[in-house]
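User: Please take a close look at one part of the model below, and place it in the context of the whole chain.

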Amino acid sequence: MKRRALLTILVILIPISGLLAYQDSFSYLWDDETYTALISALKNDRDEDEVLPLYEAFMASDAAQSDKSRIEYHMVRYYADRGDEEEAEAHLENEKRLLDGIPENESALARDLAELDKISADYYIGGKLSVGLDSSNKTKQLYKAYPDEYYVALTEAFRLLNTPGIAGGSSKKALELFEEIYLEEGGMNPLDRFSLFSGLGIASYERKLYELSKDYFERAMEIYKADPAMLEYLEKLEKKLR
């Protein structure tokens with residue numbers, strides 16, 4: 001049976017009742033050519049001479065303060081993945097400054113997500129347990145308040161995936177949530193869709209569904225280049241499928 005057929009079967013088997021109508025409250029960003037080009041350059045690990053002009057153009061635009069704060073999260077990851085801790089730290093400090101300056105007329109959701117991204121960026125650099133707990137708690141809080149937001153639901157699924165079982169994590173529950181989101185992936189932006197297929201790939205691997213995991217990873221890489229976490233799983237997956 002082909003892997004695409006397996007995907008279809010999984011979707012059919014997922015109970016339809018109780019599913020949320022997911023939405024993206026920040027879909028307007030994908031109408032901004034500078035933003036989309038910057039995200040593509042970052043996620044495909046382009047050289048700085050391509051990334052920085054796009055970053056500077058977006059930061060000089062009239063984009064919302066919360067959106068500028070959140071783009072710093074991606075800049076932190078870009079430099080951290082390249083081993084440039086000094087630049088990663090500099091962008092984290094800029095992210096904190098922008099977060100503190102978000103005006104009151106911006107939505108509570110925008111502010112909350114900017115705060116979560118700041119915490120996540122801090123954890124991505126330092127890996128401190130206390131920061132990881134802050135990220136987990138903030139994610140649970142946001143998922144309770146905004147369960148129908150694509151980004152929030154995806155973050156909750158990754159929380160379930162990455163949290164130890166003794167602390168409430170579960171690859172089974174994570175895969176179920178990723179699969180539920182997958183039923184409505186047609187309304188997702190490219191970045192969230194990349195995260196979805198990456199998460200499905202990792203969760204499927206953890207459930208020993210190796211062929212399915214490979215298919216999801218391939219679909220993720222049709223959108224953006226594999227990130228470090230995915231590369232680790234792809235290496236392990238290659239051994240499993242020999």
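The request concerns one helix, and the reply sets out its surroundings. Which residues of helix H9 are buried, and to which distant part of the chain does the aromatic pair of Phe178 link it?

Analyst: This is a predicted model, in which local features need pLDDT of at least 70 and side-chain atom pairs count only at pLDDT 80 or more, while totals for chains, interfaces and linings use all residues. Residues are numbered from 1 along each chain as its sequence is written, and side-chain values use heavy atoms, with hydrogens and water left out.

The setting comes first. The protein chain has twelve helices and zero strands; helices (H or I, at least four residues) and strands (E, at least two) are DSSP runs numbered from the N terminus. With a radius of gyration of 18 Å, close to the 18 Å of the globule rule for 242 residues, the chain is as compact as a globular protein of that length. That radius is taken over C-alpha atoms, and the rule is 2.2 Å times the number of residues to the power 0.38. Along the principal axes, the C-alpha atoms fill a box of roughly 50 × 40 × 35 Å. Of the 242 residues, 47% count as buried, where buried means under 20% relative accessible area, exposed over 50%, and partly exposed in between (1.4 Å probe, protein chains only). Contacts (heavy atoms within 4.5 Å) often reach far along the sequence: among those between residues at least 6 apart, 60% join residues at least 24 apart.

Helix H9 spans residues 171-182. At 1.5 Å a residue, its twelve residues should span 16 Å, and its end C-alpha atoms are 16 Å apart, which agrees; the expected span is 1.5 Å times one less than the number of residues. H9 is mostly covered, with nine of its twelve residues buried. These are Ser171, Ala174, Leu175, Leu177, Phe178, Glu179, Glu180, Ile181 and Tyr182. The list therefore holds Glu179 and Glu180 as well as nonpolar residues such as Leu177 and Ile181.

Phe178 deserves particular attention. At 0% relative accessibility, this residue counts as buried. The structure holds twelve aromatic pairs, defined as rings of Phe, Tyr and Trp (its six-membered ring) with centres within 6.5 Å; planes under 30 degrees apart count as stacked, over 60 as edge-to-face and the rest as tilted. One of them joins Phe158 and Phe178 edge-to-face, at 5.1 Å centre to centre and 80° between the planes. This pair links distant parts of the chain, with Phe158 in helix H8 and Phe178 in helix H9, 20 residues apart. Phe158, for its part, is partly exposed, with a relative accessible area of 22%.

H9 also contributes to the largest nonpolar core. Such a core is a set of buried Ala, Val, Leu, Ile, Met, Phe, Trp, Tyr and Cys residues joined through side-chain atoms within 4.5 Å. Of its 62 residues, Phe58, Ile71, Phe178, Ile181, Leu196 and Leu200 touch the most other members. Helix H10 (residues 190-206) supplies the largest share, eight residues. In soluble globular proteins, nonpolar side chains tend to be buried together. Leu196 shows where H9 meets other parts of the chain: leaving out residues up to four places away in sequence, Leu196 touches Leu154, Phe178, Ile181, Tyr182, Glu185 and Met188. Phe58, another member of the core, belongs to an aromatic cluster in which ring pairs link it with Trp30 and Tyr35.

Helix H6 (residues 108-126) offers a second example of a helix whose length agrees with expectation: its 19 residues should span 27 Å at 1.5 Å a residue, and its end C-alpha atoms are 27 Å apart. Helices H4, H5, H7 and H8 are among the elements that cover its buried residues. Within H6, Ile119 counts as buried at 10% relative accessibility. Leaving aside neighbours within four places, Ile119 is in contact with Val131, Asp134, Ser135 and Lys138.

Beyond H10, in the loop between H10 and helix H11 (210-221), lies Lys208. Its phi is near 65°, a positive value in a residue other than glycine. Most residues other than glycine have a negative phi, and most peptide bonds are trans. In contrast to buried Phe178, Lys208 counts as exposed at 61% relative accessibility.
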